Amino acid sequence: MKKIAVLLSGCGVFDGSEIHEAVLTLLAITRAGAQYQCFAPDVEQMHVVNHLTGEVNTEETRNVLVESARIARGEVFNASSLNVAEYDALVIPGGFGAAKNLSNFATTGSNCHINPIVENFITDFANARKPVGFVCISPVMIPKIYDQGVTGTIGNDSDTAQAFNEMGGKHQAVKVDDIVVDEVHKVVSTPAYMLATSILEAHIGIEKLVTKVIDMID
């Protein structure tokens, strides 16, 4: 049975993993007849957002690994413990955590860097020529991991697409339920809640992405 790593970035759209995207990813992997294992870096979140009011709680701190355990029902490994030989592919759900905790794209745009633990985690899959799926905003990390000219999508937001291209990627604008496949680098991406207005719209693209990622496994 194929085994897919899923990299989480906390719990909650505004400061961690987008919960719908994360759960839809896990469901799609299971429906495809594969197994998943969640991972997250053991680092502090950039900040904590009150999801009811949208305000930042400046007096509270949270840990990305601990928060990701909420989604994974406690079954989550520290990203630094990865043995890439045990996994066939990787999928990274979106949510602002990908741009705040896995990277600092949210504050620095095209000048961003990826957390070293996360960069090593994704690079292990890239170097092993294993497919990786990037959902929602997480594709902004693609140009930092792969060669110049790697293709991907975040949908059609012009500012984010420009940043993607400035970092050396080649952005392709697509509709909410589409995927972009870079066969050379074994990278798949889909907009999900960058464009989705419902959980059904997000589901369609994510299921396509997971299906393609599994199909690309050698």
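So, the largest pocket: who lines it? Going along the chain, we have Val13 and Glu18, then Gly95, Phe96 and Ala99, then Phe105 and Ala106, then Cys136 and Ile137, and finally Tyr193 and Met194. Keep in mind that this is a predicted model. The volume of that pocket comes out at about 180 Å³. As for its character, the lining splits into 9 nonpolar residues, 1 polar and 1 charged.

Okay, on to the salt bridges. How many does a search of the whole structure find? There are 6, and I'll walk you through some of them.

Let me start with Glu207 and Arg31. They form a salt bridge in which the closest N and O atoms sit 3.3 Å apart. What I like here is that the pair ties together distant parts of the chain: Glu207 belongs to helix H8, Arg31 belongs to helix H1, which covers residues 19-31, and the two are 176 residues apart. On the surface side of things, Glu207 has 25% relative accessibility, so we call it partly exposed. Arg31 is at 59%, so that one goes down as exposed.

Helix H8 comes back with the next pair. Glu183 makes a salt bridge with Lys212, again with 3.3 Å between the closest N and O atoms. Where do these two sit? Glu183 is in the loop between strand S10 (180-182) and strand S11 (187-190), Lys212 is in helix H8, and they are 29 residues apart, so this is another link between distant parts of the chain. Both ends are partly exposed: Glu183 because its relative accessibility is 49%, and Lys212 because its value is 23%. Then there is a little network: Glu60, Arg62, Glu67 and Arg70 are joined into one by salt bridges that share partners.

Let's look inside that network at Arg62 and Glu67. Their side chains meet in a salt bridge at 3.2 Å, N to O. Is Glu67 buried or exposed? It is buried, because its relative accessible area is 6% and the cut-off for buried is under 20%. Arg62, on the other hand, has 28% relative accessibility, so it counts as partly exposed.

While we're on helix H8, have a look at its start. Ile199 sits in that helix, which runs over residues 199-215. Together with Leu200 and Ile204, Ile199 makes a nonpolar surface patch of about 260 Å². Ile199 has 45% relative accessibility, so it is classed as partly exposed.

Last topic, backbone angles. Which residue that is not a glycine has a positive phi of about 60 degrees? That's Lys186, and you'll find it in the loop between S10 and S11. Lys186 counts as buried because its relative accessibility is just 8%. If that loop sounds familiar, Glu183 from the bridge to helix H8 is in it too.

Arg73 also has a positive phi, near 55 degrees, and it isn't a glycine either. Arg73 lies in the loop between helix H2 (64-71) and strand S5 (76-78). With a relative accessible area of 78%, Arg73 is exposed. So you can set the two side by side on screen: Lys186 is buried, whereas Arg73 is exposed.

Key
Residues are numbered from 1 along each chain as its sequence is written. This is a predicted model: local features need pLDDT of at least 70, side-chain atom pairs count only at pLDDT 80 or more; totals for chains, interfaces and linings use all residues. Side-chain values use heavy atoms; hydrogens and water are left out. Patches are made of residues with over 30% relative accessible area and no salt bridge: like charges are joined within 9 Å, nonpolar side chains (Val, Leu, Ile, Met, Phe, Trp, Tyr) within 5 Å. Accessible areas come from the Shrake-Rupley method with a 1.4 Å probe; for residues, only the protein chains shown count as cover. A salt bridge is a side-chain nitrogen of Lys or Arg within 4 Å of a carboxyl oxygen of Asp or Glu. Helices (H or I, at least four residues) and strands (E, at least two) are DSSP runs, numbered from the N terminus. Buried means under 20% relative accessible area, exposed over 50%, partly exposed in between (1.4 Å probe, protein chains only). On a 1 Å grid over the protein atoms alone, a cavity is a set of points where a 1.4 Å probe fits but cannot get out, and a pocket is an open set with protein on both sides within 12 Å along at least five of seven lines; lining residues have an atom within 4 Å of a point. Grid points are joined across faces, edges and corners, and a volume is the space filled by probe spheres set on the points. Ala, Val, Leu, Ile, Met, Phe, Trp, Tyr, Cys and Pro count as nonpolar, Asp, Glu, Lys and Arg as charged, and the others, Gly among them, as polar.
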